[in-house]
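User: Hello! I'd like to walk through this model with you, one question at a time.

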Amino acid sequence: MVSYKELGLVNTREMFAKAVKGGYAIPAFNFNTMEQMQAIVQASVETKSPVIMQVSKGARKYANPTILRYMAQGAVEYAKELGCEKPEIVLHLDHGDSFETCKSCIDSGFSSVMIDGSSLPYEENIAVTKKVVEYAHRYDVTVEAELGVLAGVEDEVEAEESHYTKPEEVIDFSTRTGCDSLAISIGTSHGAYKFKPEQCTRDPETGLLIPPPLAFDVLEAVEQKLPGFPIVLHGSSSVPQEYVKIINTHGGKLPDAVGIPEEQLRKAAKSAVCKINIDSDSRLAMTAAIRLHFAEHPEHFDPRQYLTPARDEMKKLYMHKIVNVLGSDGKLG
Ligand code: G3H
Ligand code: 13P
Ligand code: ZN
């Protein structure tokens, strides 16, 4: 058993309480590689922002669970080396699919886990979430649960279409499970294709897709039922069109990729939404930088040559999200 406290990590409890009160959101960035981890730490130190580094089941499979855990430990030491006296870094399991996966993460040093029972029948979601909460709280690990299903694929959780969270269920669910935060469905979805073109309108001048608005009425109804309770938004990448353009004009093929407009995320961050999940935008930043680099330097083959601009671009993106969208800059300590 490795406690996250020995690794210098923190759980989400205090961080979320401050974020809800302060009207900002904590960034939850997914990471699979060393470059992503370095960029996340650099961005959070430079902006003085608390940060959640999250690991999906796919990331654990890709990078190896032990390596990722040591990378998170390294992230704390790296932040200190960069001049941050008291880093606030959470190591979080994203979309945990079973009690066993959550337990394995808690036992190996995670400070926060998500149990995603959103595809299960309501009572089964409650049962598995409660079981995870009982175990996690013994070790002061915080737990995120999910009610309502996002459109698209959530690791192994699939749904034909988005089923918004039912506000009338949230009090019963949070009371009976004891979860520390709740991911809700208000129209976001995972990946770089959040809406089908037929769900959007098209800007007549640029031809770009304009997505439909998020269901803020559902968010407001949830907030009324659970005042001050930490709410989480998944699928919150904005799919920056400048990256899509670079990718598409340098050999890539991402037709009609579309995300959540940043002004909607800014509005969400000011509410009880205190954790905003971003993965796809970092993938796009990395891919755009690498494609551009290869187009300009076809003779390069040392990974450091193309991963350096990729890492710099991700850092720029993370800083932009922290400062201009979530408002978590300057909130350390
Ligand atoms: O919610 C999904 C995250 O973007 C993680 O994606 O399962 O491909 O690592 P992944
Ligand atoms: P995006 O695909 O919009 O980045 O969402 C990531 C996410 O929700 C991770 O859990
Ligand atoms: Zn997610």
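User: What pLDDT does the protein chain average, and over which residues is the pLDDT below 50?

Analyst: Happy to help. pLDDT is the predictor's confidence in each residue, from 0 to 100. In the protein chain, 97% of the residues score at least 70, and the average is 95. One stretch has a pLDDT below 50, and it makes 18 contacts in the model beyond near neighbours in sequence (a contact means two C-beta atoms, placed from the backbone, within 7 Å). That stretch is residues 153-160.

User: What conventions apply to the numbering and to the cut-offs?

Analyst: Residues are numbered from 1 along each chain as its sequence is written, while chains are lettered from A and ligands numbered from 1 in the order in which they are written. This is a predicted model, where local features need pLDDT of at least 70, side-chain atom pairs count only at pLDDT 80 or more, and totals for chains, interfaces and linings use all residues.

User: What radius of gyration does the protein chain have, and why does it agree with a compact globule?

Analyst: The C-alpha atoms fill a box of roughly 60 × 50 × 35 Å along the principal axes. The radius of gyration is taken over C-alpha atoms, and the globule rule is 2.2 Å times the number of residues to the power 0.38. For 333 residues a compact globule would come out near 20 Å, so the protein chain agrees with its value of 19 Å.

User: How many helices and strands are there in the protein chain?

Analyst: Both kinds of element are DSSP runs numbered from the N terminus: helices are H or I over at least four residues, and strands are E over at least two. Among contacts between residues at least 6 apart in sequence, 75% join residues at least 24 apart. The count is twelve helices and twelve strands.

User: Is strand β5 (residues 142-147) enclosed or open, and how many of its residues are buried?

Analyst: A residue is buried if 20 or more other C-beta atoms lie within 10 Å of its own, exposed if 12 or fewer, and partly exposed in between, with C-beta atoms placed from the backbone. In a regular strand the side chains alternate between the two faces of the sheet. In β5, T142, E144 and E146 are buried on one side, and V143, A145 and L147 on the other. The strand is largely enclosed by the rest of the structure because the buried residues number six of the six.

User: Which strands pair with β5?

Analyst: Two strands pair if DSSP finds at least two bridges between them. Strand β4 (residues 112-115) runs parallel to β5 over four bridges, with V113 as the bridge partner of V143. β8 also pairs with β5 in the parallel sense over four bridges, and here A145 partners L182. The strands are β4 and β8.

User: Which strand do two bridges join to β8, and which strand pairs with that one over three bridges?

Analyst: Both faces of β8 (residues 181-184) are covered, with S181 and A183 buried on one side and L182 and I184 on the other. Two bridges join β8 to β11 in parallel, where L182 stands opposite I231. Strand β11 (residues 231-233) in turn pairs in the parallel sense with another strand over three bridges, L233 standing opposite I276. The strands asked for are β11 and then β12.

User: Which other strand pairs in the parallel sense with β12, over four bridges?

Analyst: β12 is mostly covered, with six of its six residues buried. I276 in β12 is the bridge partner of P27. The strand is β1 (residues 26-30).

User: Which residues come nearest to ligand 2?

Analyst: The shell around ligand 2 has 13 residues (near means a C-beta atom, placed from the backbone, within 6 Å). The elements giving two or more of them are β3 (89-96) and β12 (273-278). By class there are one nonpolar, ten polar and two charged residues; Ala, Val, Leu, Ile, Met, Phe, Trp, Tyr, Cys and Pro count as nonpolar, Asp, Glu, Lys and Arg as charged, and the others, Gly among them, as polar. Those coming nearest are H234, S237, N277, D279 and S280.

User: Is H95 buried or exposed?

Analyst: H95 is found in strand β3. Its phi is positive, about 55°, although H95 is not a glycine. With 26 other C-beta atoms within 10 Å, H95 is buried.
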